[in-house]
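Thanks, everyone. I have one structure for today, and I will go from the whole chain down to a few residues.

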Amino acid sequence: PYYVGINQNLYLEASLRSSDPSLKLFLDTCVASPTPHNFTTGSYVLIKNGCAKDPTYYEYYSPHRHSIRFKFNAFQFIRSNPEVYLQCELVVCRAYDYSSRCYQGCVHRSKREASS
């Protein structure tokens with residue numbers, strides 16, 4: 001566990017452990033939950049489809065393609081224990097493959113129309 005006070009900046013770094021220098025890492029989704037077993041019901045989305053949903057989220061420049069650095073303000077779920085669990089989904093792509101998910105950035109997915 002990592003201990004931090006409410007509203008303090010929480011800094012994170014995700015790195016890919018690979019000897020292949022031609023790989024790039026992309027942070028697609030990050031969800032916070034009051035329990036380690038359920039990241040859907042009662043959860044809080046920080047990033048979804050590469051789009052920041054939390055106003056305190058900020059991604060920092062990283063000198064390496066295989067690592068991502070970001071921060072957000074620590075918070076606590078209301079009427080819950082003081083623990084917050086974080087689950088992030090990352091994508092690994094070939095560097096300079098501009099058609100890959102890593103280079104698309106924030107993607108707003110459109111809702112499908114219901115058929116009659």
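Of the 116 residues in this protein, 30% count as buried. Please keep in mind that this is a predicted model. The protein has 0 helices and 7 strands, so read from the N terminus the order of elements is simply β-β-β-β-β-β-β. The C-alpha trace spans about 50 × 45 × 25 Å along its principal axes.

Two more totals before the details. If you take the contacts with a separation of 6 or more, 63% of them are between residues 24 or more positions apart. The exposed area of the protein is about 8,400 Å², and carbon and sulfur atoms supply 51% of that.

Now to single residues, starting with Asp28. You will find Asp28 in strand 2, which covers residues 23–33. Is Asp28 buried or exposed? Its relative accessible area is 10%, and buried means under 20%, so Asp28 is buried. What does the side chain of Asp28 make polar contacts with? One partner is the side chain of Thr29, at 2.8 Å. Another is the side chain of Arg101, at 3.1 Å. Leaving out residues up to four places away in sequence, Asp28 touches Ile47, Lys48, Asn49 and Gly50, and also Glu89, Leu90, Val91 and Arg101.

Gly50 was on that list, and I would like to look at it from its own side. Gly50 sits in the loop between strand 3, residues 44–48, and strand 4, residues 51–52. With a relative accessibility of 22%, Gly50 counts as partly exposed, because the cut-off for buried is under 20%. Again not counting residues up to four places away, Gly50 touches Phe26, Leu27 and Asp28, together with Arg101, Gly105 and Cys106. Arg101 is therefore touched by Asp28 and by Gly50, given that contact means heavy atoms within 4.5 Å. As for Lys71, it is 21 residues from Gly50 in sequence, and the two C-alpha atoms are 15 Å apart in space.

Next is Thr56, in the loop between strand 4 and strand 5. Thr56 also counts as partly exposed, at 22% relative accessibility. Which residues does Thr56 contact, leaving aside neighbours within four places in sequence? They are Lys71, Phe72 and Asn73. For Asn73 there is a polar detail: its backbone nitrogen lies 3.0 Å from a polar atom of the Thr56 side chain. The side chain of Thr56 makes a polar contact with the side chain of Asp54 as well, at 2.3 Å. Finally for this residue, Thr56 and Asn7 are 49 residues apart in sequence, while their C-alpha atoms are 9.4 Å apart in space.

Last, the surface. Tyr11, Tyr58 and Tyr60 form a nonpolar patch there, and together they have about 340 Å² of accessible area. Of these, Tyr60 belongs to strand 5, residues 58–60. Tyr60 has a relative accessible area of 32% and is partly exposed. Why can Tyr60 be in a patch at all? Patches are made of residues with over 30% relative accessible area, so Tyr60 qualifies at 32%.

To recap the residues: Asp28 is buried, Gly50 is partly exposed, Thr56 is partly exposed, and Tyr60 is partly exposed. That is what I have.

Notes. Residues numbered from 1 in each chain as written. Predicted model: local features only at pLDDT ≥ 70, side-chain atom pairs only at ≥ 80, totals over all residues. Heavy atoms only, no water. Helix = DSSP H or I, 4+ residues; strand = E, 2+ residues; numbered from the N terminus. Buried < 20%, exposed > 50% of the residue type's maximum accessible area, 1.4 Å probe, protein only. Polar contact = N/O pair within 3.5 Å; in protein donor to acceptor, adjacent residues only side chain to side chain. Patch = residues over 30% accessible without salt bridge, like charges linked within 9 Å, V, L, I, M, F, W, Y side chains within 5 Å. Areas by Shrake-Rupley, 256 points an atom, 1.4 Å probe, with all protein chains shown as cover. Salt bridge = Lys/Arg side-chain N within 4 Å of Asp/Glu carboxyl O.
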